[in-house]
Amino acid sequence: MTTATISDRQFEIIVAAGKILSASGVGGLTIKNLAREMGFSESAIYRHFDSKEEILVAMLNFLAEDMDERLSQVISSQKSPTENLEAIFLDQFAFFSKNPHFVVAVFSDGLMEASQKINAAILHIMQVKMKHLMPVIMLGQQQGFFTNAITTEEMMHIVMGSFRLQMFKWRIANFQFDIQRQGATMLHAISTLIKN
């Protein structure tokens, strides 16, 4: 299922599932609760998805593809590596600010431990982010914008880890602070740390 093939109704179900996950965790995400949230019958949900696992995989795949499209547009060869790094993260903060119900996917490690499909979808999200981030950091190091004191991979882990921590703080604060403003502050601190 891709963003191109997902129906409007499936998207509504994914959004509702994200809201339930944010409020009640994976234990609260049941077909019954989802049907209640949407004002549907349970059978109406099953017409679009076979299982809770399929809904979660669809959500994660949607997020990966949406991120891939967005980051492809914000990264530009006309910008410096520093500007591209900022563009990647400001875009992510803007997206989650508008869609806080998807934040749970950033912490999807424990969604369903036994599900290989969900683990593969989580890995795919990480790979998409790395696909865009790695060349920006590598170019920044080659051109002298970023320090070469640590490897590209280590720098990528520090940057991605900082993003995850910021999103985690926002989530446990029940989305009560301005993630775009706090994210920009975090980004400034990271830029200060990694610049050459």
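## A bent helix, a straight one and a loop with positive phi

Let's start with helix 1, residues 8-28: a straight helix of 21 residues would span 30 Å at 1.5 Å a residue, but the end C-alpha atoms here span only 23 Å. Keep in mind that this is a predicted model. Where does helix 1 bend? Look at Ser-22, where helix 1 bends by about 95 degrees.

A good share of the story of helix 1 is about what it hides. Its buried residues are Gln-10, Ile-13, Ile-14, Val-15, Ala-16, Ala-17, Gly-18, Ile-20, Leu-21 and Gly-28. What do they pack against? Their partners are helix 2 (31-38), helix 3 (42-46), helix 4 (52-74) and helix 7 (152-172).

Now compare helix 5, residues 81-98. Its 18 residues should span 26 Å at 1.5 Å a residue, and its end C-alpha atoms are indeed 26 Å apart, so expectation and model agree. Helix 5 has buried residues too, among them Pro-81, Asn-84 and Asp-91, along with the phenylalanines Phe-89, Phe-93, Phe-95 and Phe-96. The buried residues of helix 5 pack against helix 4, helix 6 (116-142), helix 7 and helix 8.

Helix 7 has come up twice as a partner, for helix 1 and for helix 5, so let's follow it next. Helix 6 and helix 7 pack at about 125 degrees, with their axes 9 Å apart. That angle makes helix 6 oblique to helix 7, and the crossing is right-handed. On the helix 6 side, the residues that meet helix 7 are Met-126, Lys-129, Met-130, Leu-133, Met-134, Ile-137, Met-138 and Gln-141. Across from them in helix 7 sit Thr-152, Met-155, Met-156, Val-159, Met-160 and Phe-163. The spacing of such lists has a simple background: an α-helix has 3.6 residues a turn, so residues three or four places apart point the same way.

On to helix 8, residues 179-194. Helix 7 and helix 8 pack at about 155 degrees, and their axes are 11 Å apart. Why do they count as roughly antiparallel? Because the cut-off for that label is over 145 degrees, the pair qualifies. This crossing is right-handed as well. Helix 7 brings Met-155, Val-159, Ser-162, Phe-163, Gln-166, Met-167 and Trp-170 to the contact, and helix 8 brings Ile-179, Gln-182, Gly-183, Met-186, Ile-190 and Ile-194. Met-155, Val-159 and Phe-163 of helix 7 thus meet helix 8 and also meet helix 6.

That leaves the loop between helix 7 and helix 8, home to Asn-174 and Phe-175. Most residues other than glycine have a negative phi. Yet phi is positive, near 60 degrees, for Asn-174, and phi of Phe-175 is also near 60 degrees.

Is Phe-175 buried, partly exposed or exposed? Its relative accessibility is 23%, so Phe-175 counts as partly exposed. Beyond its neighbours within four places in sequence, Phe-175 is in contact with Ser-22, Pro-100, Val-103 and Trp-170. Pro-100 is 75 residues away along the chain, but the C-alpha atoms of Pro-100 and Phe-175 are separated by 7.4 Å. And Ser-22 takes us back to where we began: Phe-175 touches Ser-22, the residue where helix 1 bends.

Technical notes: Residues numbered from 1 in each chain as written. Predicted model: local features only at pLDDT ≥ 70, side-chain atom pairs only at ≥ 80, totals over all residues. Heavy atoms only, no water. Helix = DSSP H or I, 4+ residues; strand = E, 2+ residues; numbered from the N terminus. Expected span 1.5 Å × (residues − 1). Bend = angle between axes of the 7 residues up to and from the residue. Buried < 20%, exposed > 50% of the residue type's maximum accessible area, 1.4 Å probe, protein only. Contact = heavy atoms within 4.5 Å. Axes fitted to C-alpha atoms, helices over the stretch in contact; angles between N-to-C directions. Parallel < 35°, antiparallel > 145°, perpendicular 65-115°, else oblique. Left-handed = near helix turned anticlockwise from the far one by under 90°.
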